[in-house]
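Please look over the chain shown below before reading on. The report deals with its fold, its core and its charged pairs.

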Amino acid sequence: MPVPKYLPHILYSTFLTSASIHLLWQRKAFEDDRARKNAQITILEDLAQQLRSGAPITDEEVDRLRKLARIQGEQGDEGGGPESKLRWTEVLWGRKAVDQKNDDEWEQKDVEQIRKEFTKGV
């Protein structure tokens with residue numbers, strides 16, 4: 001069975017289309033992550049400013065703001081922050097899932113450390 005002479009062009013165009021769609025999706029995911037992180041930073045900076053000013057703030061308010069700052073898309077967020085670089089293997093085969101449980105433990109430790117520092121200062 002002869003191979004059509006335009007078969008390589010079909011394969012190349014399919015690959016390029018697939019790669020461009022995947023890169024577009026990665027860019028949109030990165031923009032969403034950046035917006036989410038900026039929102040988290042803003043919420044936490046406001047909380048820190050309230051705590052530093054000595055204004056009375058309840059534990060419920062602190063918990064509410066902390067929950068607001070928590071990552072909203074925890075159903076397998078792949079994380080494409082500025083520190084990660086997109087490789088060709090990721091373009092072709094996709095990224096591996098990130099372990100969110102480990103990140104949550106670090107976040108909880110950071111929150112406890114911040115609470116201890118603020119209680120020492122007050």
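What follows goes from the overall layout to single side chains.

## Model and confidence

The structure is a predicted model. Mean pLDDT for the chain is 79, with 80% of the residues at 70 or more. Confidence varies between the elements: helix 1 (residues 7-53) has the highest mean pLDDT, 91, and helix 3 (residues 88-93) has the lowest, 74.

Residues 74-83 stay under 50 in pLDDT. The model has 18 contacts beyond four places in sequence for this stretch. Where pLDDT is low, predicted coordinates should not be read in detail.

## Overall layout

The chain contains four helices and zero strands, so that its pattern along the sequence reads α-α-α-α. Of the contacts with a separation of 6 or more, 71% are between residues 24 or more positions apart.

The chain has 122 residues, and 18% of them count as buried. Its accessible surface comes to about 10,100 Å². Carbon and sulfur atoms account for 59% of that surface.

## Nonpolar core

The largest nonpolar core has five residues: Ile43, Leu47, Val62, Leu65 and Ala69. Helix 1 and helix 2 (59-69) are the elements that give two or more residues to this core. Helix 2 gives the most, with three residues.

Leucine 47 is one of the core residues. Apart from neighbours within four places in sequence, leucine 47 is in contact with Ile57, Val62 and Leu65. Val62 and Leu65 also belong to the core.

## Salt bridge within helix 1

Side chains of opposite charge can pair when their charged atoms come close. The whole structure holds four salt bridges. One of them joins aspartate 33 and arginine 36, with the closest N and O atoms 2.8 Å apart. Both residues lie in helix 1, three residues apart, which is about one turn of the helix.

The two partners fall into separate accessibility classes. Aspartate 33 has a relative accessible area of 10% and is therefore buried, the cut-off being under 20%. Arginine 36, with 26%, is partly exposed.

## Salt bridges around aspartate 63

Which residues are linked with Asp63 in a network of salt bridges? They are Arg66 and Arg115. In the bridge between aspartate 63 and arginine 66, the closest N and O atoms are 3.8 Å apart. These two residues sit three residues apart in helix 2, a separation of about one helical turn.

The side chain of aspartate 63 also meets that of arginine 115 in a salt bridge, at 3.1 Å from N to O. This pair links distant parts of the chain, since aspartate 63 is in helix 2 and arginine 115 in helix 4 (residues 100-121), 52 residues apart.

Are the members of this network buried or partly exposed? Aspartate 63 is partly exposed, with a relative accessible area of 30%. Arginine 115 is likewise partly exposed, at 31%. Arginine 66 counts as buried because its relative accessibility of 18% is under 20%.

## Summary

The predicted model shows a chain of four helices. Its largest nonpolar core draws two or more residues from each of helix 1 and helix 2. Asp63, Arg66 and Arg115 form a salt-bridge network, and the bridge from aspartate 63 to arginine 115 connects helix 2 with helix 4. Residues 74-83, with pLDDT under 50, are the stretch set apart above.

How values were computed: Residues are numbered from 1 along each chain as its sequence is written. Side-chain values use heavy atoms; hydrogens and water are left out. pLDDT is the predictor's confidence in each residue, from 0 to 100. Contact means heavy atoms within 4.5 Å. A nonpolar core is a set of buried Ala, Val, Leu, Ile, Met, Phe, Trp, Tyr and Cys residues joined through side-chain atoms within 4.5 Å. Buried means under 20% relative accessible area, exposed over 50%, partly exposed in between (1.4 Å probe, protein chains only). Accessible areas come from the Shrake-Rupley method with a 1.4 Å probe; for residues, only the protein chains shown count as cover.
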